[in-house]
Amino acid sequence: MPDIEARIRTAYTELAREPGTWVSLTKIRPLLGDATRAEVDDVLTLMNRMPGVNIVPESNQKTLTQQDRDAAVTIGDQAKHFLSIEVR
């Protein structure tokens, strides 16, 4: 699964204006190639515990589209929609 983590980090870097910027999982998932949803969710869950990585829910749930809801990863019984990665 290190390959999937590398793909997530690469996709994040392509989409983020700068390190630490919040990027929607809706935009990241299409860039991950043939990785299954379960594989990506497992890696995102692991990454969420890493220093400099944060995955958070949209604070205003009313603004979420169905696409946003579908792209969310569930961590600790909570749907999370945005990824932030600091420089490492």
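This is a dialogue about reading the fold, the empty spaces and two buried residues of a predicted model.

Trainee: Before I look at single residues, what does the secondary structure of the protein chain come to, and in what order do the elements run from the N terminus?

Mentor: Bear in mind throughout that the model is predicted. The protein chain has four helices and five strands, and from the N terminus on these elements run α-β-α-α-β-α-β-β-β. The radius of gyration is 12 Å, close to the 12 Å that the globule rule gives for 88 residues, so the chain is as compact as a globular protein of that length. Along the principal axes, the C-alpha atoms fill a box of roughly 35 × 25 × 25 Å.

Trainee: How much of the protein chain counts as buried, and what share of the contacts with a separation of 6 or more comes from residues 24 or more positions apart?

Mentor: Of the 88 residues, 40% count as buried. As for the contacts with a separation of 6 or more, 69% of them are made by residues that stand 24 or more positions apart.

Trainee: How should I read empty space in a model, and what lies in the largest cavity?

Mentor: The general idea is that rolling a probe the size of a water molecule over the atoms shows where empty space is left. In this structure there is one cavity of 30 Å³ or more, and the largest cavity holds about 30 Å³ of space. Its lining consists of Ser-24, Leu-25, Thr-26, Leu-64, Asp-68, Ala-71, Ala-72, His-81 and Phe-82, which by class gives five nonpolar, three polar and one charged residues. Helix 2 and helix 4, the latter spanning 66-71, each supply at least two residues of that lining.

Trainee: Thr-26 is among those lining residues; is Thr-26 buried or exposed, and why?

Mentor: A residue counts as buried when its relative accessible area is under 20%, and because Thr-26 has 17% relative accessibility, it counts as buried. Thr-26 lies in helix 2, which covers residues 25-28. Leaving aside residues up to four places away in sequence, Thr-26 touches Gln-67, Asp-68 and Ala-71. With Asp-68 there is also a polar contact between the two side chains, at 2.8 Å. Asp-68 and Ala-71 line the largest cavity as well, along with Thr-26.

Trainee: And how far apart are Thr-26 and Lys-62, in sequence and in space?

Mentor: Thr-26 and Lys-62 are 36 residues apart in sequence, and their C-alpha atoms are 16 Å apart in space.

Trainee: Turning to the largest pocket, what volume does it have, and which residues lie nearest its centre?

Mentor: The largest pocket has a volume of about 160 Å³. Its lining is made by 10 residues, and those nearest the centre are Arg-9, Tyr-12, Thr-13, Pro-19 and Ile-85. By class, the lining divides into five nonpolar, one polar and four charged residues. Helix 1, residues 2-15, gives the most to this lining, with three residues.

Trainee: Where is Ser-84 placed, and what does Ser-84 touch?

Mentor: Ser-84 sits in strand 5, which runs over residues 82-85, and because its relative accessibility is 2%, Ser-84 counts as buried. Apart from residues up to four places away in sequence, Ser-84 touches Tyr-12, Gly-20, Thr-21, Trp-22, Gly-52, Val-53 and Asn-54. Within that list, Gly-20 deserves a second look: its backbone oxygen lies 3.0 Å from a polar atom of the Ser-84 side chain. Tyr-12, which Ser-84 also touches, is one of the residues nearest the centre of the largest pocket.

Terms used. Residues are numbered from 1 along each chain as its sequence is written. This is a predicted model: local features need pLDDT of at least 70, side-chain atom pairs count only at pLDDT 80 or more; totals for chains, interfaces and linings use all residues. Side-chain values use heavy atoms; hydrogens and water are left out. Buried means under 20% relative accessible area, exposed over 50%, partly exposed in between (1.4 Å probe, protein chains only). Contact means heavy atoms within 4.5 Å. A polar contact is a pair of N or O atoms within 3.5 Å; within protein, one must be able to donate a hydrogen and the other to accept it, and residues adjacent in sequence count only if both atoms are side-chain atoms. On a 1 Å grid over the protein atoms alone, a cavity is a set of points where a 1.4 Å probe fits but cannot get out, and a pocket is an open set with protein on both sides within 12 Å along at least five of seven lines; lining residues have an atom within 4 Å of a point. Grid points are joined across faces, edges and corners, and a volume is the space filled by probe spheres set on the points. Ala, Val, Leu, Ile, Met, Phe, Trp, Tyr, Cys and Pro count as nonpolar, Asp, Glu, Lys and Arg as charged, and the others, Gly among them, as polar. The radius of gyration is taken over C-alpha atoms; the globule rule is 2.2 Å times the number of residues to the power 0.38.
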